[in-house]
Amino acid sequence: MTAFTPLFINGASTAASDGGTFEVRNSYTGKVVGTAASATSADCKAAIEAAGKALRKWEETRPTDRGRIFQKAIDLLQTDEYKQKIQQAVREEISAAEDWSYFSWVASINTLRGAVNMVAQLKGDMYLSEAVPGATVFTQRRPMGVIFAIGPWNAPVTLALRAVAAPIICGNTVVFKGSEFSPSSQAIAVEVLAEAGLPPGVVNFISVSRENAPALTAEIIGHPLVRKINFTGSDRVGRIIATEAAKYLKPCVLELGGKAPTIVLDDADLTEAAKAIVHGALTFSGQVCMSTERVIAQSGIAQDLLSRIRELCEKMKAGDPSDPAVKFSALFTEMSAENVVGMMREAQGQGANVLFGDLQRQGALVTPHVVTDVRPGMRLWDRESFGPVITFAVAQTVDEAVELANASEYSLTASLWSKDRFAALEIAPRIRSGYVNINGPTLHSEPGIGLIGLGGASGYGRFDVEAFTDKRAFIVHSSGRKYPFLN
């Protein structure tokens, strides 16, 4: 008997109004691991209306009271019950190996901690008017309203919590649509907030079958009560959502793809750089928006660095995630695996060399690959692979390395390796990326800042107070004001 994931609307778990469901399969075994309710149009409207009704009281709650609920949720997440629940769910649904399932639990706790810290930022200003003598101006950070949030499957619990926590702590209410690949994992994010005392309707969870998702997503975006959309996922889908939102001039926060470059200069610590590159490229099979996808090495150390990377890759075991020795498992679909292999074969036909790997897949499983002589214009350079692939290019100079790093539609995160930190701090701002990790992996972002796409295929906006509040002004005018037109 497989587990069933219901909808969660107005504080209550419920089946879809027409009884519809869809299957959830483990990407490694292909076996059905659960079923989920497939929301109808009526269910989506009910979730939006519940959020709209709950907004009236929730937006007037004190930020510190919201913070207390979140702190309670943090306490719950730290229990063995939730630790086991999260790890089991992500293993079953997305074939997460032990390291990634553990990360899913720890990162979820840290996500809520970051949201609690946002409480202190929910403040306004008071100052004298520059335009009207004697008038006083007050500004407040006010909630925007109902937020439509869409989370991805690859870090399902963590990114579900991020999608809902930032809006909710700011006083908004949320309708959250999970991925059809990980509904049970994402439902845990809603469950823990409800158990912590979040009032009914403040967060609502819907899951939708793959075939019904496009139409219902467009319908939700167009609903008058929905004020903003946040989406984490591919740039392909992000463009569709942004286009739909533009019909109603509704703003979005879009955290999309990545093609993170790592520049390794001649004076870098190659042992540490190689470790960070392999970690950044192969964690969860490279299915992370911050994954290291492009290595750009100065010519003086390129061969040495390649040898170290290959040596580390040879030690990586891929396969059944139930094996503790396995570091990563299958990609999320066989289609995804075929796309990754196809990108590498295509690059090979255009002059790239496969230094490590067999250009094969077993179902959705792809083993680590290192591909050299990759250059702009190849799809393997230009597009996010979302697979366990390290592409390698050689630059003669620092200027050439920076130019290659910037030869991309993506702008999410990057890495720069040099023992000369002062020189690195001069070079890093030239890399067009929201984050540049100096002597660290691309797979890193700071709590409280969040990921920062600079437009294009990486999207734009942040999960912060500024993104989920309106800055509103109130002007108290002095009596006896003169109106020239009337006097």
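**Asp235 and the two-domain contact**

Reader: Why is Asp235 called buried?

Author: Asp235 has a relative accessibility of 5%, and the cut-off for buried is under 20%, so Asp235 counts as buried. Keep in mind that this is a predicted model.

Reader: And what makes Arg239 partly exposed?

Author: Arg239 comes out at 42%. Buried ends at 20% and exposed starts over 50%, so Arg239 is called partly exposed.

Reader: How do you know that Asp235 and Arg239 form a salt bridge?

Author: Their closest N and O atoms are 3.3 Å apart. The rule asks for a Lys or Arg side-chain nitrogen within 4 Å of an Asp or Glu carboxyl oxygen, so the pair passes. Both residues sit in helix α8, four residues apart, which is about one turn of the helix.

Reader: What makes Asp235 and Arg383 a salt bridge?

Author: Here the closest N and O atoms lie 3.0 Å apart, and the limit is 4 Å, so that's a salt bridge too. Asp235, Arg239, Arg383 and Glu409 are in fact linked in a network of salt bridges.

Reader: Where are the domains in this chain?

Author: The domain assignment gives domain 1 as 3-255 and domain 2 as 260-438. Their C-alpha centres are 31 Å apart. The contact draws on 15 residues from domain 1 and 24 residues from domain 2.

Reader: How much area do domain 1 and domain 2 bury between them?

Author: About 1600 Å², with 64% of it on carbon and sulfur atoms. On the domain 1 side, Tyr28, Trp100 and Trp153 lose the most area to domain 2, together 35% of what that side buries.

Reader: How many salt bridges and polar contacts cross from domain 1 to domain 2?

Author: The rule finds three salt bridges across that interface, and the count of residue pairs in polar contact is five. As for elements, α4 (98-117) and α8 (235-246) are the ones that give two or more residues to the domain 1 side. Helix α4 gives the most, with three residues. By type, that side divides into seven nonpolar, three polar and five charged residues.

Reader: Let's leave the interface. What makes Glu191 and Lys85 a salt bridge?

Author: The closest N and O atoms are 2.6 Å apart, and anything within 4 Å qualifies, so the pair counts. Glu191 belongs to helix α6 (residues 183-195) and Lys85 to helix α3 (residues 80-94), so this bridge ties together parts 106 residues apart in sequence.

Reader: Why are Glu191 and Lys85 called partly exposed?

Author: Glu191 has a relative accessible area of 32%, and Lys85 is at 25%. The partly exposed class runs between 20% and 50%, so the label fits Glu191 and Lys85.

Reader: How do you know that Arg361 pairs with Glu338 in a salt bridge?

Author: Check the distance again: 2.7 Å between the closest N and O atoms, against a 4 Å limit. Arg361 is in the loop between β15 (353-356) and β16 (369-372), while Glu338 is in helix α11 (residues 334-349), so the pair ties together parts 23 residues apart in sequence. Arg361 is partly exposed at 29%, and Glu338 is partly exposed at 35%.

Reader: How many salt bridges does the structure hold?

Author: The structure holds 25 of them. Side chains of opposite charge can pair when their charged atoms come close.

Terms used:
Residues numbered from 1 in each chain as written. Predicted model: local features only at pLDDT ≥ 70, side-chain atom pairs only at ≥ 80, totals over all residues. Heavy atoms only, no water. Domains from an automatic or database assignment. Contact = heavy atoms within 4.5 Å. Buried area = accessible area lost by both parts, 1.4 Å probe. Polar contact = N/O pair within 3.5 Å; in protein donor to acceptor, adjacent residues only side chain to side chain. Nonpolar A, V, L, I, M, F, W, Y, C, P; charged D, E, K, R; others polar. Buried < 20%, exposed > 50% of the residue type's maximum accessible area, 1.4 Å probe, protein only.
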